[in-house]
Amino acid sequence: MNGDISNPKAAVDAAFTRLRTDRIDLYEIHNFYGTNELLAVLKEYKQAKKVRYVGVTTSFEPQYGQLMEAMKQHKLDFIQVNFSIADRASAKDVLPMARDLGLAVLCNMPLGGRRG
């Protein structure tokens, strides 16, 4: 389930302020918090060339269904997902779908393990 963000435009604008820039190359939404709300703003910012690429991330296999649904529903440029010799679950469905949709993939934890 998506998290809710009451003011997604302010949330995105805050990233520009914190980074002291007027352009962001890749803006990723992590773990589906406010995905639909943020993607609406990011689409507008992408058209205005304030954001170059848009993506979503997850590091939890139980969210792969949400990830694949977002990949189908939204025009994404990137996904970020776990993939390593110790964690190949994304290779079954997620990575083939990304390939078929022409999405770039960033690998979370390519050497395996979890943060402490």
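## Exercises on a predicted model

Arg20 is exposed, with a relative accessible area of 77%, where exposed means over 50%, buried under 20%, and partly exposed in between (1.4 Å probe, protein chains only). The model is predicted, so that local features need pLDDT of at least 70 and side-chain atom pairs count only at pLDDT 80 or more, while totals for chains, interfaces and linings use all residues. Residues are numbered from 1 along each chain as its sequence is written, and side-chain values use heavy atoms, with hydrogens and water left out.

**Exercise 1.** Locate Arg20 and Phe32, and state for each the phi value and whether the residue is buried or exposed.

*Solution.* Begin with Arg20, which lies in the loop between α1 and β1; helices (H or I, at least four residues) and strands (E, at least two) are DSSP runs, numbered from the N terminus. Its phi is near 55 degrees, a positive value in a residue other than glycine, and Arg20 is exposed at 77%. Turn next to Phe32, found in the loop between β1 and α2, where phi is again positive, at about 65 degrees, although Phe32 is not a glycine. Phe32, however, counts as buried, with 2% relative accessibility. As background, most residues other than glycine have a negative phi.

**Exercise 2.** Describe the surroundings of Val54.

*Solution.* First place the residue: Val54 belongs to strand β2, and it is buried, with a relative accessible area of 4%. Then list its contacts (heavy atoms within 4.5 Å): leaving aside residues up to four places away in sequence, Val54 touches Leu26, Tyr27, Leu39, Leu42, Lys46, Leu76, Asp77 and Phe78. Finally, take one of these partners, Leu26, which is 28 residues away along the chain, yet the two C-alpha atoms are separated by 5.7 Å.

**Exercise 3.** Identify the largest nonpolar core and the elements that give two or more residues to it.

*Solution.* A nonpolar core is a set of buried Ala, Val, Leu, Ile, Met, Phe, Trp, Tyr and Cys residues joined through side-chain atoms within 4.5 Å. The largest has 28 residues, and those with the most contacts inside it are Val12, Leu42, Leu67, Met71, Leu76, Ile79 and Val94. The elements giving two or more residues to this core are α1 (8–19), β1 (24–30), α2 (35–47), β2 (51–57), α3 (64–73), β3 (78–82) and α4 (94–101). As a last step, look at Val12, which touches Tyr27, Leu38, Val41, Leu42 and Tyr45, again without counting residues up to four places away in sequence.
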